[in-house]
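Reader: I should like to learn how the features of a protein model are read, one at a time. May we begin with the charged side chains?

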Amino acid sequence: CSSDLIELGCGSAAMPSVAVSMRGAEFTLATDGCPINVHAAAKVFACSPTSQKLAARCLAWQDQLSDADTCAWDVVLFADVLYKDTGAAMLAGVVLPLLRPGGVVIGSVGLHRQGSEKIFEEMKALGFRAEEIQVHGPVLTAAVGASRQLRRARRTDAMDSLGMSNNECKLIRWVRCDDNAAPDMADTLQ
């Protein structure tokens, strides 16, 4: 994974950014619209053995991108960032100008969250097709284990009270369409 990556909506922990940096990304920029989250993510990065390959910065999706960010990224990452009907359009609107030609988007989408299904429509309208990334073996085992630990710590009570306990997530890769493209996975979700 010798690419330049940007994470959108990193939150306070920016775990996807840490993970890709540890898997060999050249440089990863974690971004969030909330300065408190960006500050916290920078503190997390300071504890990472790959801290020299990580940075955090404010980036609100509705703001104009800097010239340095335009067409600058091989991979755009996001994880669990869609909560409202309007979020998908804003997210898709910032993704396209960030990507270099040939770049890909990788996102974790909570399928039962309000507005999250709209990201498939928005990305398709921009000329992308969706492919599910299958998660198996040790990765799936670790995720299930982490979920159990959170339940034991009663950290999911708030999610349950909001009706979010059935939040099936899919890991999706979006690539630009071409004439020989495989069927769009998003078509099977409708």
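Reader: With which residue does arginine 129 form a salt bridge, and how far apart are the closest N and O atoms?

Author: The model is a predicted one. A salt bridge is read from the distance between a side-chain nitrogen of Lys or Arg and a carboxyl oxygen of Asp or Glu, which must lie within 4 Å. In this case the partner of arginine 129 is glutamate 131, and the closest N and O atoms are 2.3 Å apart.

Reader: Are arginine 129 and glutamate 131 buried or exposed, or in between?

Author: The cut-off needed here is that buried means under 20% relative accessible area, while exposed means over 50%. Arginine 129 has 12% relative accessibility and therefore counts as buried. Glutamate 131, at 23%, counts as partly exposed.

Reader: Which other side chain does glutamate 131 meet in a salt bridge?

Author: Glutamate 131 also meets arginine 173, at 3.0 Å from N to O. To read such a pair, one should also ask where its members lie along the chain. Glutamate 131 belongs to strand S6 (residues 128–132) and arginine 173 to strand S7 (residues 169–176), so this salt bridge links distant parts of the chain, 42 residues apart. Arginine 173 is partly exposed, its relative accessible area being 30%.

Reader: With which residue does lysine 170 form a salt bridge?

Author: Lysine 170 pairs with glutamate 132, with 3.4 Å between the closest N and O atoms. Because lysine 170 lies in strand S7 and glutamate 132 in strand S6, the pair ties together parts that are 38 residues apart in sequence. Lysine 170 is buried, with a relative accessible area of 18%, whereas glutamate 132 counts as partly exposed at 29%.

Reader: How many salt bridges does the structure hold, and which residues are linked in a network?

Author: The structure holds eight salt bridges. Asp4, Asp74 and Arg100 are linked in a network of them.

Reader: Where does valine 175 lie, and is it buried or exposed?

Author: Valine 175 lies in strand S7 and is buried, with a relative accessible area of 14%. For such a residue, one lists the contacts that remain once sequence neighbours are set aside. Beyond the neighbours within four places in sequence, valine 175 is in contact with Val104, Gly127, Phe128, Arg129 and Glu131. Two of these names have already appeared: Arg129 and Glu131 form a salt bridge with each other. A C-alpha distance can be read as well: valine 175 and lysine 124 are 51 residues apart along the chain, and their C-alpha atoms are separated by 9.8 Å.

Reader: What pattern does the protein follow along the sequence, and how many helices and strands are there?

Author: There are six helices and seven strands, in the order β-α-β-α-β-β-α-β-α-β-α-α-β. The sequence separation of contacts is a further summary of the fold. Among contacts between residues at least 6 apart in sequence, 78% join residues at least 24 apart.

Reader: What fraction of the residues count as buried, and how much area does the protein expose?

Author: Of the 190 residues, 39% count as buried. The protein exposes about 10,500 Å², and carbon and sulfur atoms supply 55% of that area.

Reader: What is the volume of the second largest pocket, and which residues lie nearest its centre?

Author: A pocket is read by its volume and then by its lining. The second largest pocket has a volume of about 370 Å³. Its lining has 16 residues, with Met15, Pro16, Ala19, Val20 and Leu77 nearest the centre. Helix H1 (15–22), strand S4 (73–79) and strand S5 (99–110) each give two or more residues to this lining, and H1 supplies the largest share, five residues. By class, the lining divides into 13 nonpolar residues, two polar and one charged.

Reader: Which residues have a positive phi although they are not glycines?

Author: Most residues other than glycine have a negative phi, so a positive value is worth noting. Alanine 14 is one case, at about 50°, and aspartate 80 is another, at about 55°. Alanine 14 sits in the loop between strand S1 (4–8) and H1, and aspartate 80 in the loop between S4 and helix H3 (87–98). Alanine 14 is buried, with a relative accessible area of 1%, whereas aspartate 80 is partly exposed at 30%.

How values were computed. Residues numbered from 1 in each chain as written. Predicted model: local features only at pLDDT ≥ 70, side-chain atom pairs only at ≥ 80, totals over all residues. Heavy atoms only, no water. Helix = DSSP H or I, 4+ residues; strand = E, 2+ residues; numbered from the N terminus. Buried < 20%, exposed > 50% of the residue type's maximum accessible area, 1.4 Å probe, protein only. Contact = heavy atoms within 4.5 Å. Areas by Shrake-Rupley, 256 points an atom, 1.4 Å probe, with all protein chains shown as cover. 1 Å grid on protein atoms, 1.4 Å probe; cavity = no way out; pocket = protein on both sides within 12 Å on 5 of 7 lines; lining within 4 Å. Points joined across faces, edges and corners; volume = space filled by probe spheres on them. Nonpolar A, V, L, I, M, F, W, Y, C, P; charged D, E, K, R; others polar.
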